[in-house]
Amino acid sequence: MKAKELSLIVALIQVMWADNEIAEGEREMLGGVLAKLGCDPEEIFAVGELIKNPVNAQDFMANLPDMEDRREIIQAMAVMAMADGNFADAEMQVIHKAAAHLSIPASEVDELIEKGCQLVKKQN
C-alpha cells in the first residue's frame with residue numbers, strides 16, 4: 001500500500017472513531033474504499049488492526065508533500081463523516097485539526113467539506 005493510500009485509510013479511521021462509535025454506513029464506505037484500492041486480504045487484515053488500535057493520523061499524513069493529495073484526504077474525511085447520515089461536531093473537529101496539520105488554509109477547509117458533502121448528496 002502506498003503512503004497516500006495508507007494516509008487516507010488512517011484519516012478515514014480517525015473520522016470513524018471521532019464520535020466514539022463506528023456506524024454501519026462508515027464500515028461500508030471503508031470497505032468500498034479498500035475494494036477500490038484493490039487491497040489484498042493481508043492489507044485488509046492490517047486495516048482491521050488499525051480500526052481496533054487507531055494510530056495518530058497526523059503522523060501518516062505528514063508524509064504527503066503534494067497539496068492536492070492533502071486536499072483529497074480532507075474531502076474524503078468529510079465524505080466519511082457523512083457516511084452515517086450525521087455529521088457530528090466531533091467529526092468536524094477531527095477534520096479541521098487534520099487540515100491544520102496539513103497546512104490547508106481554514107478558508108479552504110469549509111469548501112472541501114462542502115464538496116465532500118455534495119458528493120454524498122449526489123449519491124443518495
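This short talk walks through one helix, the core it contributes to, and two loop residues. Please keep in mind throughout that what we are looking at is a predicted model.

Let me start with helix α5, which covers residues 67-82 and so has 16 residues. From its first C-alpha to its last, α5 reaches 23 Å, and that is close to the 22 Å expected at 1.5 Å a residue. If you look at the N-terminal end of α5, you will find Asp66 capping it, with a side-chain oxygen that lies 3.2 Å from the backbone nitrogen of Glu68.

Now, how many of the residues of α5 are buried? The helix is mostly covered, with 12 of its 16 residues buried, and among them are Asp69 and Arg70, as well as Ile73, Ile74, Met77 and Met80.

That brings me to the core. In soluble globular proteins, nonpolar side chains tend to be buried together. Here the largest nonpolar core has 42 residues, and those with the most contacts inside it are Ile13, Leu30, Ile74, Met77, Phe87 and Ile95. Each of the helices α1, α2, α3, α4, α5, α6 and α7 supplies at least two residues of this core, while the largest share, 9 residues, comes from α5.

Met77 is a good residue to click on at this point. Leaving aside residues up to four places away in sequence, Met77 touches Ala11, Leu12, Gln14 and Val15, and it also touches Val94, Ile95 and Ala98.

Which way does α5 run relative to α6, parallel or antiparallel? The two helices pack at an angle of about 175°, with their axes 10 Å apart. Because an angle over 145 degrees counts as roughly antiparallel, α5 is roughly antiparallel to α6. On the α5 side the contact is made by Ile74, Met77, Ala78 and Ala81, and on the α6 side by Glu91, Val94, Ile95, Ala98 and Ala99.

Finally, let us turn to the loops, where two residues other than glycine have a positive phi. For Asn20, which is placed in the loop between α1 (3-17) and α2 (24-37), phi is near 65°. Is Asn20 buried or exposed? Asn20 has a relative accessible area of 65%, and because exposed means over 50%, Asn20 counts as exposed. For Ser103, which lies in the loop between α6 (89-101) and α7 (106-123), phi is near 60°.

Methods. Residues are numbered from 1 along each chain as its sequence is written. This is a predicted model: local features need pLDDT of at least 70, side-chain atom pairs count only at pLDDT 80 or more; totals for chains, interfaces and linings use all residues. Side-chain values use heavy atoms; hydrogens and water are left out. Helices (H or I, at least four residues) and strands (E, at least two) are DSSP runs, numbered from the N terminus. The expected span of a helix is 1.5 Å times one less than its number of residues. Buried means under 20% relative accessible area, exposed over 50%, partly exposed in between (1.4 Å probe, protein chains only). A polar contact is a pair of N or O atoms within 3.5 Å; within protein, one must be able to donate a hydrogen and the other to accept it, and residues adjacent in sequence count only if both atoms are side-chain atoms. A nonpolar core is a set of buried Ala, Val, Leu, Ile, Met, Phe, Trp, Tyr and Cys residues joined through side-chain atoms within 4.5 Å. Contact means heavy atoms within 4.5 Å. Axes are lines fitted to C-alpha atoms, for helices over the stretch in contact, and angles run from 0 to 180 degrees between N-to-C directions. Angles under 35 degrees count as roughly parallel, over 145 as roughly antiparallel, 65 to 115 as roughly perpendicular and the rest as oblique.
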